[in-house]
Every structure is written in structure tokens, then in C-alpha cells.
Amino acid sequence: MTVHKAENPETAKLSRDFGWLAALGVILVLAGLVGLIYTGVATLTSMILFGWLLLIGGVVGLLHAVQARDSNFFWLGAVVAALNIAAGVVVIGRPEAAAAALTMFAALLFLTGGVFRLAGSLVVRGPQFGWTLVQGAFDLLLGILVLASWPSSSKYVIGCFFSLALLFDGLGLVATGFGGRKVVGMVTERQKAAAKPTHLE
């Protein structure tokens with residue numbers, strides 16, 4: 001009689017988990033592609049989500065502050081929570097204005113970051129000189145382009161960044177999921193090859 005080793009249930013569960021991870025990545029990739037097509041909708045959606053995150057975070061922070069009302073950090077926690085709640089209400093109520101303000105802030109960050117990278121690369125001239133110089137020039141150019149078309153650029157800049165983040169995160173999850181399933185499959189095959197059938201008389 002020949003006895004075969006049964007498939008490891010933990011290995012099968014791990015393979016299914018990697019499959020779900022890849023499926024989630026595909027969903028994120030599709031959401032990112034749709035967002036890149038409809039950047040205006042993606043901008044409003046991302047701002048509303050951001051507002052709700054601020055609001056929920058503020059409520060949770062306020063509850064924690066109330067629970068720790070006897071500590072020295074009560075007032076600091078309460079003030080930060082109240083600011084988060086107020087910011088969340090404003091962002092949810094006026095997502096277009098919030099997107100315009102956030103786009104201006106992002107453009108200024110690109111400008112300052114580009115200037116510092118360019119200056120740093122020219123002064124230091126380290127081993128990454130060329131790459132740092134290109135990064136600084138790209139950031140500076142991007143900041144100038146966003147500011148030049150502001151506030152109309154606020155209708156698509158945030159949505160574009162949000163969609164690109166979804167796209168690349170999704171691609172990363174897809175690669176991790178399929179790579180993980182491949183590794184699990186290779187391990188399973190090696191286990192099956194090592195567990196040769198045993199003949200019992």
C-alpha cells in the first residue's frame with residue numbers, strides 16, 4: 001500500500017492569503033487608473049476621505065484626552081483633537097477650497113524641496129550628484145507648473161497624486177501576491193518531492 005503525505009493546510013492558507021493580497025492589488029490598480037481618467041472626481045473623493053479621517057481622528061483623540069483628563073497632557077490632547085475635528089468639518093464642507101489650499105501647499109513644498117536639492121547637489125557634489133540634480137530640477141519644474149496654473153490646477157493635482165499612489169501601491173501588492181504564491185508553490189513542490197511515497201506491506 002502507498003501512503004502519500006497530505007498537503008500542508010498552513011501552506012494552502014498562506015497561498016490563499018497571497019491570492020487575496022494580489023486581488024486587492026488589482027482593485028487598487030483599477031481604482032488608480034479610473035482616478036487618472038477622472039482626476040476631478042478623484043480630487044473631491046480624496047479630499048472628502050481626508051476630511052473624514054481628520055474628523056474621526058479628532059473624535060478618537062478627544063475620547064483619549066477625556067480618558068486621560070487627570071494627566072498633564074489633557075489640554076494638549078484636547079486642543080489637537082479639537083483642531084482635527086474643526087479641520088475635518090471644513091474639508092468635508094468645502095472640499096474644493098481645501099483642495100486649492102492643499103495644492104498651493106504641495107506646490108510650495110515642491111519649490112522649496114527643488115531649490116534645496118539643487119543647491120545641495122551643487123555645493124556637495126557627492127556620488128549621487130547627477131541624480132540629486134535631476135530630482136531637484138524636476139521638483140522645481142513641477143512646483144512652477146502647478147503654481148502657474150493655480151487655482152485651476154487644484155482640480156486635478158491632488159486627484160492625480162492620489163490615483164498614482166493607489167496605482168503604485170496596487171502594483172506593489174500584485175507583485176507581492178503573485179511572488180508570494182510562486183514561492184509557496186515552489187516550497188510545496190519541494191516538500192512533495194522530498195516526501196516520497198512509503199510502501200507498507
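What percentage of the 201 residues of the chain counts as buried?

## Overall architecture

In this predicted model, 26% of the 201 residues count as buried. The chain is built from six helices and two strands. Their order along the sequence is β-α-α-α-α-α-α-β, with a strand at either end of the pattern.

Contacts between residues at a separation of 6 or more are dominated by long-range ones: 81% of them join residues 24 or more positions apart. The accessible surface of the chain is about 13500 Å², and carbon and sulfur atoms contribute 74% of that area.

## Nonpolar core

In soluble globular proteins, nonpolar side chains tend to be buried together. Here the largest nonpolar core consists of six residues, namely Met47, Leu54, Val91, Ala98, Ala99 and Ile158. Two elements, α2 (39–67) and α4 (95–124), each give two or more residues to this core.

Ala99 can serve as an entry point to the surroundings of the core. Leaving aside residues up to four places away in sequence, Ala99 touches Thr43, Met47, Ser154 and Ile158. Of these contacts, Met47 and Ile158 are also listed as members of the core.

## Helix α4

Helix α4 has 30 residues. From its first C-alpha to its last, α4 reaches 42 Å, close to the 44 Å expected at 1.5 Å a residue. Just after α4, Arg125 adopts a positive phi of about 55°.

The buried residues of α4 begin with Pro95 and include Ala98, Ala99 and Ala100. Further along the helix, Thr103, Ala106, Ala107 and Leu111 are buried, as are Gly114, Leu118 and Ser121. An α-helix has 3.6 residues a turn, so residues three or four places apart point the same way.

## Aromatic pair

The structure holds one aromatic pair. Its members, Phe110 and Phe161, are arranged edge-to-face, with 5.8 Å centre to centre and 65° between the planes. The pair links distant parts of the chain, as Phe110 lies in helix α4 and Phe161 in helix α6 (residues 157–194), 51 residues apart.

Why does Phe110 count as partly exposed? Phe110 counts as partly exposed because its relative accessibility is 22%, and buried means under 20%. Phe161, at 34% relative accessibility, is likewise classed as partly exposed.

Note on methods: Residues numbered from 1 in each chain as written. Predicted model: local features only at pLDDT ≥ 70, side-chain atom pairs only at ≥ 80, totals over all residues. Heavy atoms only, no water. Helix = DSSP H or I, 4+ residues; strand = E, 2+ residues; numbered from the N terminus. Buried < 20%, exposed > 50% of the residue type's maximum accessible area, 1.4 Å probe, protein only. Contact = heavy atoms within 4.5 Å. Areas by Shrake-Rupley, 256 points an atom, 1.4 Å probe, with all protein chains shown as cover. Core = buried A, V, L, I, M, F, W, Y, C linked by side-chain atoms within 4.5 Å. Expected span 1.5 Å × (residues − 1). Phe/Tyr/Trp six-rings, centres within 6.5 Å; stacked < 30°, edge-to-face > 60°.
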